[in-house]
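Reader: I'm new to this structure and don't quite know where to look. Please pick a single part, take me through it slowly, and then show me how it fits in with the rest.

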Amino acid sequence: MEEPGIDRAVDIFDPTKSSVSKKIAQLPPSYSQVPPMYLRPSDFYAPESKGELTIDPQVMLNSSEPYPEQDWLENTLQLLSKEKLEKDDFVSWAAYRASKSMLSSHEPAIISLLPMFIENAHSVAMIAHSLKVIKAAVNQVNPTQIPVVAVDQPLFALAKQIQWTFNEIFDEDQFVIITSHRNAGLQDARKVAQR
């Protein structure tokens with residue numbers, strides 16, 4: 001690795017130690033105050049896509065492979081017929097997939113759960129403010145890291161509009177915005193193939 005980052009201590013929460021304070025510190029205004037922002041429909045600009053698809057969509061459409069989640073669905077169907085679940089019975093998709101995956105030899109990522117906002121997530125102002133807050137948090141932990149922000153599909157569309165319209169602030173060289181829907185790229189490829 002060229003830039004391994006900074007070695008940081010791991011914060012450990014100890015529930016056995018009681019807190020002497022029942023008051024939570026106020027969030028700074030830079031976090032809690034969301035400045036107004038809007039997009040005019042005439043402002044929208046989508047840059048031309050560069051590069052090409054790496055997977056042939058026709059191969060994916062005509063694949064003889066079984067549905068990729070068939071094993072989880074069959075497992076879930078079996079578990080639903082049981083009267084009592086055992087400790088190693090995993091119903092949820094995430095738990096089932098985790099039980100099938102090999103243990104990773106990678107160091108865990110440094111992550112943080114930020115406090116919730118009271119504003120609606122689907123506003124231009126809130127998404128733009130969230131991007132700024134995420135960038136500040138990532139820069140605090142690792143100043144050379146480009147933030148990777150995962151949002152659901154409706155918010156992804158809005159975040160990309162913001163990124164393309166206000167590219168001096170949210171340029172694609174400064175933020176990676178992805179959709180958290182796992183099959184979104186495949187679905188997009190299928191739509192392109194059907195045209």
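Author: What follows is a close look at one lysine, K160, and then at its surroundings.

A word of caution before we start: this is a predicted model. For a quick overview, the protein has 195 residues, and its secondary structure comes to 8 helices and 2 strands. Reading along the sequence, you meet them in the pattern α-α-α-α-α-β-α-α-β-α.

Now to the lysine itself. You'll find K160 in helix α6, which covers residues 153-165. Is K160 buried or exposed? It's buried: its relative accessible area is 11%, and anything under 20% counts as buried here. That puts K160 among the buried residues, which make up 17% of the protein.

So what does the side chain of K160 meet? One partner is Q163, whose side chain makes a polar contact with the side chain of K160 at 2.6 Å. Another is E172: the side chains of K160 and E172 meet in a salt bridge, 2.9 Å from N to O. K160 sits in helix α6 while E172 sits in the loop between α7 and β2, so this pair ties together parts that are 12 residues apart in sequence. The two ends of the bridge don't have the same kind of setting, by the way: K160 is buried at 11%, whereas E172 counts as partly exposed at 42% relative accessibility. If you leave aside neighbours within four places in sequence, K160 is in contact with E172 and I177.

How many salt bridges does a search of the whole structure find? It finds 3, so let's put the K160 pair beside the others. D71 forms one with R97, and the closest N and O atoms there are 2.9 Å apart. D71 lies in helix α3 (residues 70-80) and R97 in helix α4 (residues 93-100), so that pair ties together parts that are 26 residues apart in sequence. D71 counts as partly exposed, at 32% relative accessibility, and R97 is partly exposed too, at 22%. There's also a bridge between the side chains of D89 and K82, at 2.6 Å from N to O. K82 is partly exposed, with a relative accessibility of 35%.

Back to helix α6, and just past it. F166 is found in the loop between α6 and α7. This phenylalanine is buried, with a relative accessible area of 17%. Leaving aside its neighbours within four places in sequence, F166 is in contact with M37, Y38 and L39. Here's another pairing across the sequence: F166 and F44 are 122 residues apart along the chain, yet their C-alpha atoms are 9.7 Å apart in space. For the protein's contacts between residues at least 6 apart in sequence, 69% join residues at least 24 apart.

Helix α6 also helps to cover another helix, α5. Helix α5 runs over residues 124-141, so count 18 residues; from first C-alpha to last, the helix reaches 26 Å, close to the 26 Å expected at 1.5 Å a residue. Which residues of α5 are buried? They are V124, A125, M126, I127, A128, H129, L131 and V133. What covers them includes α6 along with α1 (29-32), β1 (148-151), α7 (167-170) and β2.

Strand β2, one of those covering elements, takes in residues 176-179 and includes V176. V176 is partly exposed, at a relative accessible area of 34%. Together with I146, V148 and I178, V176 forms a nonpolar patch on the surface, and the four share about 300 Å² of accessible area. For the protein, the exposed area is about 16300 Å², with carbon and sulfur atoms supplying 57% of it.

To come back to where we began, K160 is a buried lysine in helix α6, with its side chain in a salt bridge to E172 and in a polar contact with Q163.

Terms used
Residues numbered from 1 in each chain as written. Predicted model: local features only at pLDDT ≥ 70, side-chain atom pairs only at ≥ 80, totals over all residues. Heavy atoms only, no water. Patch = residues over 30% accessible without salt bridge, like charges linked within 9 Å, V, L, I, M, F, W, Y side chains within 5 Å. Areas by Shrake-Rupley, 256 points an atom, 1.4 Å probe, with all protein chains shown as cover. Helix = DSSP H or I, 4+ residues; strand = E, 2+ residues; numbered from the N terminus. Buried < 20%, exposed > 50% of the residue type's maximum accessible area, 1.4 Å probe, protein only. Polar contact = N/O pair within 3.5 Å; in protein donor to acceptor, adjacent residues only side chain to side chain. Contact = heavy atoms within 4.5 Å. Expected span 1.5 Å × (residues − 1).
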